[in-house]
Amino acid sequence: MNISFALDSWGLEITADDSAIGSEAACAARTCDDILDATGDGVHPLSQPTALAVGATGDVYVCGFASDNVFRVTSAGAVTRIADGTGDGSIPLDAPNGIGVDSGGKVYVAGQLSNNLFVIDGAAVSLVIDGISGALPLSLPQRVAVDAN
């Protein structure tokens, strides 16, 4: 089975079928599933998705820039919000615009307008870098990259 991801300002389209998907028109001719759209998880909306990452287990993670949240879409299609604008509870996550997943499943998210970086490990959201009051300056982070370690 082939899996395809398309991210635009309206949401994430995850499609799956038994043949290669080369374009949206090609997808329309087959059975495709829209997994995540502006409705988010049905309770929390997704607005202006800007980044996605795929973990080792096949889960897909998506940042909502304007909705200040992060969603996980499992390989089974379940959608869960894993972070929101409250960040770690004391430092906010504003305009997440970069995301990466390490080999252990930890999710790293850059808050572009909050000038910080968070790590999400299970249900725990922790601040890694506070670019405003911390010792390391961080200004408008937009991308996250993680290595295999």
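**Exercise 1. Find how many bridges join strand β4 to strand β5, and follow β5 to its other partner.**

Step 1. Start with β4, residues 60-64, and β5, residues 69-73: five bridges join these two strands, and they run antiparallel. Please keep in mind throughout that this is a predicted model.

Step 2. Now pick out facing residues. V62 stands opposite F71 in β5, and C63 stands opposite V70 in that strand.

Step 3. Look at the turn. β4 and β5 form a hairpin with four residues between them, and D68 in the turn has a positive phi of about 55 degrees.

Step 4. Move to the other partner of β5. β5 and β6 are antiparallel and pair over four bridges, with V70 opposite A83 in β6. These two strands also make a hairpin, this one with five residues in between; G77 in its turn has a positive phi of about 95 degrees.

Step 5. Check the cover on β5. Four of its five residues are buried, so the strand is mostly covered.

**Exercise 2. Work out the strand order of the open sheet that holds β3, and name its edge strands.**

Step 1. The sheet has four strands in the order β3-β4-β5-β6, and the pairing is antiparallel.

Step 2. The edges are β3 (49-54) and β6 (79-83), each of which pairs on one side only.

Step 3. From one strand to the next, the twist averages 25 degrees.

Step 4. Visit a residue on the edge strand β3: A51 is placed there. Is A51 buried or exposed? The cut-off for buried is under 20% relative accessible area. A51 has 12% relative accessibility, so this residue counts as buried.

Step 5. Try one distance in your viewer. A51 and F65 lie 14 residues apart along the chain, and their C-alpha atoms are separated by 8.5 Å.

**Exercise 3. Do the same for the open sheet that holds β7, and say why one side of each edge strand has no neighbour.**

Step 1. Here the order of the four strands is β7-β8-β9-β10, again with antiparallel pairing.

Step 2. β7 and β10 (124-130) are at the edges. Each has a single partner strand, so one side of each is left without a neighbour in the sheet.

Step 3. On average, neighbouring strands of this sheet are turned by 25 degrees against each other, direction ignored.

Step 4. Zoom in on β9 and β10, which are antiparallel and joined by six bridges. One pair to display is V119 with its bridge partner in β10, S126.

**Exercise 4. Describe the largest nonpolar core and the surroundings of I99.**

Step 1. A general point helps first: in soluble globular proteins, nonpolar side chains tend to be buried together.

Step 2. The largest nonpolar core holds 15 residues, of which V70, I99, V107, V109 and I120 touch the most other members.

Step 3. Which elements give two or more residues to this core? They are β3, β4, β6, β7 (96-101), β8 (107-111) and β9 (116-121).

Step 4. Select I99 and leave out its neighbours within four places in sequence. Its contacts include A51, L52 and A53, then Y61, V62 and C63, and also V70, V107 and V109.

Step 5. Another core lies apart from the largest one; it has six residues, including L36, L46, F71 and V73.

**Exercise 5. Explain why S114 counts as buried, and list its contacts.**

Step 1. S114 sits in the loop between β8 and β9.

Step 2. Its relative accessibility is 7%, which is why S114 counts as buried.

Step 3. Beyond its neighbours within four places in sequence, S114 is in contact with P92, L93, D94 and I132. The side chain of S114 also reaches the backbone nitrogen of D94 at 3.0 Å.

Step 4. For a C-alpha check, take S114 and P96: they are 18 residues apart in sequence and 8.5 Å apart in space.

**Exercise 6. Step back and summarise the whole chain.**

Step 1. Count the elements: one helix and ten strands. Along the sequence they follow the pattern β-β-α-β-β-β-β-β-β-β-β.

Step 2. The chain has 149 residues, and 35% of them count as buried.

Step 3. Take contacts between residues at least 6 apart in sequence: 38% of these join residues at least 24 apart.

Step 4. Finish with the accessible surface, about 7,700 Å², of which 52% belongs to carbon and sulfur atoms.

How values were computed: Residues are numbered from 1 along each chain as its sequence is written. This is a predicted model: local features need pLDDT of at least 70, side-chain atom pairs count only at pLDDT 80 or more; totals for chains, interfaces and linings use all residues. Side-chain values use heavy atoms; hydrogens and water are left out. Two strands pair if DSSP finds at least two bridges between them. Axes are lines fitted to C-alpha atoms, for helices over the stretch in contact, and angles run from 0 to 180 degrees between N-to-C directions. Buried means under 20% relative accessible area, exposed over 50%, partly exposed in between (1.4 Å probe, protein chains only). A nonpolar core is a set of buried Ala, Val, Leu, Ile, Met, Phe, Trp, Tyr and Cys residues joined through side-chain atoms within 4.5 Å. Contact means heavy atoms within 4.5 Å. A polar contact is a pair of N or O atoms within 3.5 Å; within protein, one must be able to donate a hydrogen and the other to accept it, and residues adjacent in sequence count only if both atoms are side-chain atoms. Accessible areas come from the Shrake-Rupley method with a 1.4 Å probe; for residues, only the protein chains shown count as cover.
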